Amino acid sequence: MLRGTRHDKGVVLDRLKALRAEEQEVYVRALFDADRQTQEQSKVIRTDKLATKRAIRTGIINAIAAHGEVRAGEMPRAAFPILYADPPWEQEAWSDETGQDKGLMYPPMPLEEIKALCAGDNSPATPDALLFLWVTANRLDDGIEVLRAWGFGYVTCLVWDKEAIGMGRWVRDRHELLLIGKRGDFPAPLEGTQPHSVFREQKGEHSRKPVWFAEQIERLWPDMRKLELFQRKESLGEGDVRLSDTWSFWGYEAGAGDDVDPRVGPEDDGGKDVAGPKLPPNPGKTAPVSIDIGGMRTNGSGRICISLTGEGKHAISMEFEIKGLCGGASGPGGSITLYSAALRIALSEMRQKLSGVVDDKSSVCTDKHRATARGGVKWIDARMKEWGLDGEVAS
């Protein structure tokens, strides 16, 4: 029983020789019990030391973050220990006639632009920081490039299993990856607190990422400030962990009331935007405005997106779905001078599509379909009144 253990030596063996056979077994078991107790005590001491070291390191990182720069309309500088990003990757077109990019609700960003966004002095991250970066399977190589360009070294990744099989040229994708990058002396999770590497949840509308991933970040580092890139705060559901004070937002979907909002409206070339301050924040050059249509519950969805063209005009794109009945996507298209006019046109076109469902008397359109569309119409009417768009707006 002692062979190969630390007790397989002269002193212990000599002691065993002086004992009877039944006493030898009792003696050996007592040795092993004492070893186990010592190991357990050592583990507790080691865990306490690691927890203390982690708390000290967290405090230092937070103190550095508190001296970072956060200004409205600009990318923060050295102000956030944790970044959570879902960039608008360019997607590969299936053919020259039907490019997959045409179906996106927002303009994709070229790889070089994404890499430059948070590189070097542009970084919103503290010197010791963690980056969680979403990437599709076919853009894994690009994701690693972005991670390194932003100053992080690859650590590992989490996997979102969407359950439903999607599209793909080489394989039919059903997962996305959340890359984890680290820089500096950032504290790892304590032993036993790490999440599993794969999480399964059925894909929802617009491939919205499950809140579970943000919950794990908040659970592991509750006292650290987090910045989510390319997200709109007002699109988060009730009870979402990111509604807490430790989360801020920046990007094409950042909300109007957020501490960090990069969307600065364009000049109107002398024109007057009659809706004025009632409107949601204007789109920026690389920061379109994306608005989800409310009131449709879980049986449907709709979204409009307004982006700036190279000439400073406004383009519109939209998509909607009434589950089990109809849906579609369009854009971006149009060249509209005023933001208010573009917003009104987009909402009016979406209202027209939903009204067609409300008025549909065919056998395939059920009361549930009509109620879903009617909820969207009522929401649009309320927003147009709230934003001063229920009158005529010059385009």
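Let's start with a bit of vocabulary: Ala, Val, Leu, Ile, Met, Phe, Trp, Tyr, Cys and Pro count as nonpolar, Asp, Glu, Lys and Arg as charged, and the others, Gly among them, as polar. Keep that in mind for the pocket further down. Also keep in mind that what you see above is a predicted model.

A good place to begin is the sheet. It is an open one, built from seven strands in the order 5-3-4-2-1-6-7, and the pairing is mixed. At the edges you'll find strand 5 (198-200) and strand 7 (247-250); each has a single partner strand, so one side of each is left without a neighbour in the sheet. Going from one strand to the next, the twist averages 20 degrees.

Now look at strand 1 (residues 80-85) and strand 2, which run in the parallel sense and are joined by five bridges. Here Leu 83 sits opposite Leu 131 of strand 2. Then there's helix 5, which packs on the sheet and touches strand 1, strand 2, strand 3, strand 4, strand 5, strand 6 (226-229) and strand 7. The direction of helix 5 makes about 170 degrees with that of strand 1.

Helix 5 also takes part in some ring pairing. There are nine aromatic pairs in the structure. Take Phe 199 and Trp 212: their ring centres are 4.4 Å apart and their planes at 5 degrees, so this pair is stacked. Since Phe 199 belongs to strand 5 and Trp 212 to helix 5, the pair ties together parts that are 13 residues apart in sequence.

Next comes the second largest pocket, which holds about 330 Å³ of space. Its lining is made of 19 residues, and Val 155, Thr 156, Ile 180, Pro 189 and Trp 221 are the ones nearest the centre. Strand 2 (125-136), strand 3 (153-161), strand 4 (175-183) and helix 5 (211-220) each give two or more residues to this lining. Strand 3 gives the most, with four residues. Back to that opening vocabulary: the lining of this pocket has 14 nonpolar residues, four polar ones and one charged one.

Let's finish with Thr 246, in the loop between strand 6 and strand 7. Thr 246 is 19 residues from Leu 227 in sequence, while their C-alpha atoms are 8.5 Å apart in space. Leaving aside residues up to four places away in sequence, Thr 246 touches Glu 218, Pro 222, Met 224, Arg 225 and Lys 226.

Key. Residues numbered from 1 in each chain as written. Predicted model: local features only at pLDDT ≥ 70, side-chain atom pairs only at ≥ 80, totals over all residues. Heavy atoms only, no water. 1 Å grid on protein atoms, 1.4 Å probe; cavity = no way out; pocket = protein on both sides within 12 Å on 5 of 7 lines; lining within 4 Å. Points joined across faces, edges and corners; volume = space filled by probe spheres on them. Pairing = 2+ DSSP bridges. Axes fitted to C-alpha atoms, helices over the stretch in contact; angles between N-to-C directions. Contact = heavy atoms within 4.5 Å. Phe/Tyr/Trp six-rings, centres within 6.5 Å; stacked < 30°, edge-to-face > 60°.
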